[in-house]
Amino acid sequence: MATLLAEELAAHLVSLRYEALPPTAVAAAKKVMLDTLAVAWAGTDARGTSAALAVVRGQGGTPEGTIWGHGGELPAVSAAFANGVFAAALDFDSHYLGVHSDGVVLPAALAIAEREAVDGKKFLTALVAANDIVCRLGRSAQGAHRGWYYTAIFGIVGAAAATARLLELDVDATRNAFGIALAQASGTQQPAVEHTLTMRFQAGFAARSGVLGGLLAAEGVTAPLQAFEGKFGLFSLYQPGDAKSVSADLGRTYHN
């Protein structure tokens with residue numbers, strides 16, 4: 001039986017080390033990160049963002065991740081959500097073949113990196129790898145667009161990947177994080193059609209849910225192993241994709 005994509009991606013994440021990353025991939029990740037932080041800062045007072053901030057601050061909780069542009073710390077799940085909304089608010093965040101990857105992955109990765117107090121190399125390793133996975137999923141999409149928002153349905157996988165890597169989960173737990181992401185995946189192009197504020201919230205939803213998936217996996221929650229190729233997996237229900245295309249040159253070529 002062929003190796004499942006979730007297992008391939010999980011094994012890659014667990015074994016990857018900073019020293020194995022091409023310098024060009026690290027440099028590109030830093031550049032994109034600065035871009036995301038800049039557009040997020042510009043988006044901190046955009047319409048709708050005050051609602052996101054009010055909700056997460058009203059919920060309170062353990063201080064773990066910084067709220068960009070406003071200060072203060074909230075639980076990683078809440079920080080990832082609010083910062084994801086800021087990053088997407090003005091629609092200027094980085095773009096790769098239909099996916100705004102870093103606007104989802106960076107809020108998740110930074111929130112968990114702060115929570116776990118990881119060093120820069122561990123953080124960059126997770127960021128590069130997770131953005132690469134999201135871009136690979138976007139690149140693998142086949143056939144007519146079904147109306148799902150690629151940034152959300154693929155971005156949540158990257159947020160879960162970054163979280164799992166920063167929590168140093170093993171292959172089985174990382175694979176479960178992908179399955180938990182599948183259980184929460186959502187995001188539609190309808191807000192774009194109707195020009196509603198929820199369009200800028202979907203990156204935040206994906207970042208939040210990816211972090212939650214990784215944290216649940218760390219606590220032993222199990223999930224479907226065929227998150228991508230299964231009968232009711234991501235490729236069947238959301239958007240057809242080619243698993244071989246996703247894993248081709250994995251660990252040798254990086255996208256963001």
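## Two helices that cross

Let's start with a pair of helices: H2, which covers residues 23-43, and H5, which covers residues 102-116, have axes that come within 10 Å and cross at roughly 90 degrees. That crossing makes H2 roughly perpendicular to H5, since angles of 65 to 115 degrees get that label. Keep in mind as you look around that this is a predicted model.

Who does the touching? On the H2 side the contact is made by Val32, Met33, Thr36 and Leu37, and H5 answers with Asp102, Gly103, Leu106 and Leu110. Sorted by class, the contact of H2 with H5 has 5 nonpolar, 2 polar and 1 charged residues.

## A buried asparagine in H6

Next, have a look at helix H6, where you'll find asparagine 131. Is asparagine 131 buried or exposed? Its relative accessibility is 3%, so asparagine 131 counts as buried; the cut-off for that word is under 20%.

As for the company it keeps, set aside the neighbours within four places in sequence, and asparagine 131 is in contact with Ser101, Asp102, Val105, His255 and Asn256. Asp102 may ring a bell: Asp102 is also one of the H5 residues in the contact with H2.

## The largest pocket

Now for the open spaces. The largest pocket holds about 220 Å³ of space. It is lined by 14 residues, and the ones closest to its centre are Ala88, Asp91, His100, Tyr149 and Met199.

Which helix gives the largest share of this lining? That would be H10, residues 198-218, with 3 residues. In terms of class, the lining of the largest pocket is made up of 6 nonpolar, 5 polar and 3 charged residues.

## The second largest pocket

The second largest pocket comes in at about 180 Å³. Here 13 residues do the lining, and Val14, Arg17, Lys122, Arg165 and Glu168 are the closest to the centre. Three helices each give two or more residues to this lining: H1 (5-15), H6 (120-140) and H7 (150-166). H6 gives the most, with 3 residues, so to speak of H6 again is to return to the helix that holds asparagine 131.

How do the lining residues of the second largest pocket divide by class? There are 7 charged residues, 5 nonpolar and 1 polar. For the largest pocket, by comparison, the lining has 3 charged, 6 nonpolar and 5 polar residues.

Definitions and conventions: Residues numbered from 1 in each chain as written. Predicted model: local features only at pLDDT ≥ 70, side-chain atom pairs only at ≥ 80, totals over all residues. Heavy atoms only, no water. 1 Å grid on protein atoms, 1.4 Å probe; cavity = no way out; pocket = protein on both sides within 12 Å on 5 of 7 lines; lining within 4 Å. Points joined across faces, edges and corners; volume = space filled by probe spheres on them. Helix = DSSP H or I, 4+ residues; strand = E, 2+ residues; numbered from the N terminus. Nonpolar A, V, L, I, M, F, W, Y, C, P; charged D, E, K, R; others polar. Axes fitted to C-alpha atoms, helices over the stretch in contact; angles between N-to-C directions. Parallel < 35°, antiparallel > 145°, perpendicular 65-115°, else oblique. Contact = heavy atoms within 4.5 Å. Buried < 20%, exposed > 50% of the residue type's maximum accessible area, 1.4 Å probe, protein only.
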